[in-house]
Amino acid sequence: MTTGRINREAFRESMQEQRVAASQPGGHTLVTRAKIRLLEDQLKEATVGEYTIFCDEAKARRGGSRAPSPLQYFVAAIGF
C-alpha cells in the first residue's frame, strides 16, 4: 500500500532486511564520518559523504544566524 509518496511496504522490507543483517554473525557495521571546518565565529561546515552542510548559532549566541544551529539539526534528526 502506498500513501502519498511513501511506499510503506518497501520501507518495511528495508527495515526487516536491516534487522536480519544485524542479527547475523559478524553483525551489520555502518561507519559514517564527518569532516568539520570552522569558517568564522560560530559558522561551521561539515562534509558528510557527498553532502556539505553548514551550521551556525543565533546572533544572541555570537553567531551569524546564517544556518541552522546544532540543536536544530539534532531536533530534525530525531524526526528523520
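1. Glu9 is partly exposed in this predicted model, with a relative accessible area of 36%. Glu9 forms a salt bridge with Arg12, and the closest N and O atoms of the pair are 3.8 Å apart. That separation falls inside the 4 Å limit applied to a salt bridge. Both residues belong to helix α1, which covers residues 8-23, and they are three residues apart, about one turn of the helix.

2. The Glu9 and Arg12 pair should be read alongside the total for the model. A search of the whole structure finds five salt bridges. Further examples are taken up in the points that follow.

3. Glu45 deserves separate comment. This residue lies in strand β4, which spans residues 43-48, and Glu45 is buried, with a relative accessible area of 16%. The carboxylate is paired nonetheless: Glu45 forms a salt bridge with Arg37, the closest N and O atoms being 2.8 Å apart. Arg37, for its part, counts as partly exposed at 43% relative accessibility. The pair therefore joins a buried acidic residue to a partly exposed arginine.

4. The surroundings of Glu45 can be listed in full. With neighbours within four places in sequence left aside, Glu45 is in contact with Lys35, Ile36, Arg37 and Leu39, and also with Thr52, Ile53 and Phe54. Arg37, the salt-bridge partner of Glu45, is thus one of the residues in this contact set. Lys35 is also among these contacts, as is Ile53, a residue that returns in the discussion of the largest pocket.

5. A salt bridge also connects the side chains of Arg66 and Glu40, at 3.1 Å from N to O. Arg66 is placed in the loop between β5 and α2, and Glu40 in strand β3 (residues 34-40), so the pair ties together parts that are 26 residues apart in sequence. Both partners are partly exposed: the relative accessible area of Arg66 is 44%, and that of Glu40 is 40%. The interaction does not stand alone, since Glu40, Asp56 and Arg66 are linked in a network of salt bridges.

6. Ser69 is located in the loop between β5 (51-55) and α2. Is Ser69 buried or exposed? At 11% relative accessibility, Ser69 counts as buried, the cut-off being under 20%. Not counting residues up to four places away in sequence, Ser69 touches Cys55, Asp56 and Glu57. Asp56, one of these contacts, is also a member of the salt-bridge network with Glu40 and Arg66.

7. Two residues in the loop between β5 and α2 call for a check of backbone geometry. Arg62 lies in that loop and has a positive phi of about 70 degrees although it is not a glycine. Ser65 is found there as well, and its phi is near 55 degrees, again a positive value in a residue other than glycine. These values merit mention because most residues other than glycine have a negative phi. As to accessibility, Arg62 counts as exposed at 73%, whereas Ser65 is partly exposed, with a relative accessible area of 44%.

8. Helix α2 (residues 70-79) contains Leu71. Leu71 is exposed, with a relative accessible area of 58%. Leu71 forms a nonpolar patch on the surface together with Phe74, Val75 and Ile78, and these residues have about 450 Å² of accessible area together.

9. The largest pocket has a volume of about 170 Å³. Which residues line the largest pocket? The lining consists of Val48, Tyr51, Ile53, Gln72, Tyr73, Phe74, Ala76, Ala77 and Phe80. Both β5 and α2 supply at least two residues each, and α2 gives the largest share, five residues. Phe74 belongs to this lining and also to the nonpolar surface patch. Ile53, another lining residue, is one of the contacts of Glu45.

10. A final point concerns a separation across the model. Val20 is found in helix α1 and is partly exposed, with a relative accessible area of 39%. Val20 and Gln42 are 22 residues apart in sequence, and the C-alpha to C-alpha separation is 42 Å in space.

Key: Residues are numbered from 1 along each chain as its sequence is written. This is a predicted model: local features need pLDDT of at least 70, side-chain atom pairs count only at pLDDT 80 or more; totals for chains, interfaces and linings use all residues. Side-chain values use heavy atoms; hydrogens and water are left out. Patches are made of residues with over 30% relative accessible area and no salt bridge: like charges are joined within 9 Å, nonpolar side chains (Val, Leu, Ile, Met, Phe, Trp, Tyr) within 5 Å. Accessible areas come from the Shrake-Rupley method with a 1.4 Å probe; for residues, only the protein chains shown count as cover. Helices (H or I, at least four residues) and strands (E, at least two) are DSSP runs, numbered from the N terminus. Buried means under 20% relative accessible area, exposed over 50%, partly exposed in between (1.4 Å probe, protein chains only). Contact means heavy atoms within 4.5 Å. On a 1 Å grid over the protein atoms alone, a cavity is a set of points where a 1.4 Å probe fits but cannot get out, and a pocket is an open set with protein on both sides within 12 Å along at least five of seven lines; lining residues have an atom within 4 Å of a point. Grid points are joined across faces, edges and corners, and a volume is the space filled by probe spheres set on the points.
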